[in-house]
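Student: Please take a close look at a single part of this model, the protein surface near the DNA, and go through it in a connected way.

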Number of protein chains: 2
Amino acid sequence: MMISTKGRYALRFLVDVAEHQAESFVPLRDVAERQGISEKYLEIIVKELVKGGELEAMRGKGGGYRLNRPPEEYSVRSVLERMEGPLAPVACLGPGQKPCPRQADCRTLTLWQGLDRVISDYLAEFTLADLCGERPESAVTR
Amino acid sequence: MMISTKGRYALRFLVDVAEHQAESFVPLRDVAERQGISEKYLEIIVKELVKGGELEAMRGKGGGYRLNRPPEEYSVRSVLERMEGPLAPVACLGPGQKPCPRQADCRTLTLWQGLDRVISDYLAEFTLADLCGERPESAVTR
DNA sequence: CTATAAACCTACTTTGTCAATAGGAATAAT
DNA sequence: ATTATTCCTATTGACAAAGTAGGTTTATAG
């Protein structure tokens, strides 16, 4: 399984906020309830989103979260990368990786590079705005 | 990291056998040495390939392994699936998964289905024959 | 028929990550 | 002052990944 709950929950959190932030801040508790995710666990995830500058937080009564930018400016790929770390399908492609000593003779490097590319490109195509209101029935083949 | 050593080593093992099986069986020890992989660990991996009908094994002196079919008939996807299990990027897409209760309202299902598709399609394009002799320098953009 | 080289088999270990849980401290509105 | 919220630190249990250890069986060569 390539995408963990961290990435998946983060995406669901952001979409939920996008859909409910009309006027006011959206409290974590509400999102957790709507999405059926543990509050405490969501906190950990949301903390990273705040630190990463994806979310604005407001403390105290009446507080909560809202997006820092319009939903079209959140690519799914960037959100997932923030939560999961590099999405490279194999370790040797990770950023800041010292090149593997067998690289010059590797039969599979090209394969993995291509895989990395198709994944990356696919995920970069989508933004939060694409996900908002999305439902399986209304699925459009892209 | 989506592809573990099991899948990666299996692929490298099969390619190595494909490249060396001209006449005789290829002993595991030789592959392990050439590929710089622990013999004992490779054993575990190879056992699954034999059980899965990908490899023919011959015991005793002069024994070793050879492919059961021509290299063009081994898709990378099928090899990886045998070793890694389902390649689905999220659990809810795995085969024989009971549908998630939130499915009807899920904003991300379509996203994951599409991701699963591009990964699957990409990996199905390649066979062992494509990997044999492959080297990064000779990389061809597909 | 014995030595050797190979596959085969069962079990164990170590390490790390995932997915939470627990319990509170700081802050803002009413 | 009360309440509703975010923020912070620490801990836990389960599981899998990656590898190790030590032996048994089978075929070939001399």
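Tutor: What follows sets out the conventions, then the protein chains, and then the surface near each DNA strand.

This is a predicted model, in which local features need pLDDT of at least 70 and side-chain atom pairs count only at pLDDT 80 or more, while totals for chains, interfaces and linings use all residues. Residues are numbered from 1 along each chain as its sequence is written, chains are lettered from A and ligands numbered from 1 in the order in which they are written, and side-chain values use heavy atoms, with hydrogens and water left out.

Chain A has six helices and two strands, where helices (H or I, at least four residues) and strands (E, at least two) are DSSP runs numbered from the N terminus. Along the sequence these elements of chain A are ordered α-α-α-β-β-α-α-α, and the C-alpha trace of the chain spans about 60 × 35 × 25 Å along its principal axes. Of the 142 residues in chain A, 43% are buried; buried means under 20% relative accessible area, exposed over 50%, and partly exposed in between (1.4 Å probe, protein chains only). If one takes the contacts in chain A between residues at least 6 apart in sequence, 62% of them join residues at least 24 apart, a contact being heavy atoms within 4.5 Å.

Chain B is superposed on chain A by a rotation of 180 degrees with 0.0 Å of shift along its axis, at an RMSD of 0.0 Å, the fit being by least squares on the C-alpha atoms of residues with pLDDT of at least 70 in both copies. The two copies are therefore related as by a two-fold rotation axis. Both copies use the same surface, since 100% of the contact residues of chain B recur in chain A. Among the residues of chain B, the C-alpha atom of M2(B) comes closest to the rotation axis, at 2.4 Å.

We can now turn to DNA strand C. There are 24 residues around this strand, of which T5(A), K40(A), R59(A), L28(B) and E43(B) come nearest; a residue counts as near a strand if one of its heavy atoms lies within 4 Å of it. Sugar and phosphate make up 68% of the atoms of DNA strand C that come within 4 Å of the protein. By class, the surface near DNA strand C holds nine nonpolar, six polar and nine charged residues, with Ala, Val, Leu, Ile, Met, Phe, Trp, Tyr, Cys and Pro counted as nonpolar, Asp, Glu, Lys and Arg as charged, and the others, Gly among them, as polar. At least two residues of this surface come from each of α1 (5-20) and α3 of chain A and from each of α2 (28-35), α3, β1 (55-58) and β2 (64-67) of chain B.

Several polar contacts, pairs of N or O atoms within 3.5 Å (within protein, one must be able to donate a hydrogen and the other to accept it, and residues adjacent in sequence count only if both atoms are side-chain atoms), can be placed on DNA strand C. A polar side-chain atom of K40(A) is 2.3 Å from a base oxygen of the strand, an N or O atom in the side chain of S38(A) is 3.2 Å from a phosphate oxygen, and a polar side-chain atom of R59(B) is 3.3 Å from a sugar or linking oxygen.

On DNA strand D, the nearest of the 23 surrounding residues are L28(A), E43(A), T5(B), K40(B) and R59(B). Sugar or phosphate supplies 66% of the strand D atoms within 4 Å of the protein, and the bases supply the rest. The surface near DNA strand D has nine nonpolar, six polar and eight charged residues. A polar side-chain atom of E43(A) lies 2.8 Å from a base nitrogen of DNA strand D, one of T5(B) lies 2.8 Å from a phosphate oxygen, and one of R59(A) lies 3.1 Å from a sugar or linking oxygen. Two or more residues of this surface come from each of α3 (39-51), β1 (55-58) and β2 (64-67) of chain A, and from each of α1 and α3 (39-51) of chain B.

Two of these chain B helices can be followed further. The 16 residues of helix α1 (residues 5-20) of chain B should span 22 Å at 1.5 Å a residue, and its end C-alpha atoms are 22 Å apart, which agrees; the expected span is 1.5 Å times one less than the number of residues. Buried residues of α1(B) include Y9(B), L11(B), F13(B), L14(B) and V17(B). In helix α3 of chain B lies E39(B), which is partly exposed with a relative accessible area of 35%. Its neighbours within four places in sequence aside, E39(B) is in contact with L28(B), R29(B) and A32(B), and its C-alpha atom is 11 Å from that of F13(B), 26 residues away along the chain.
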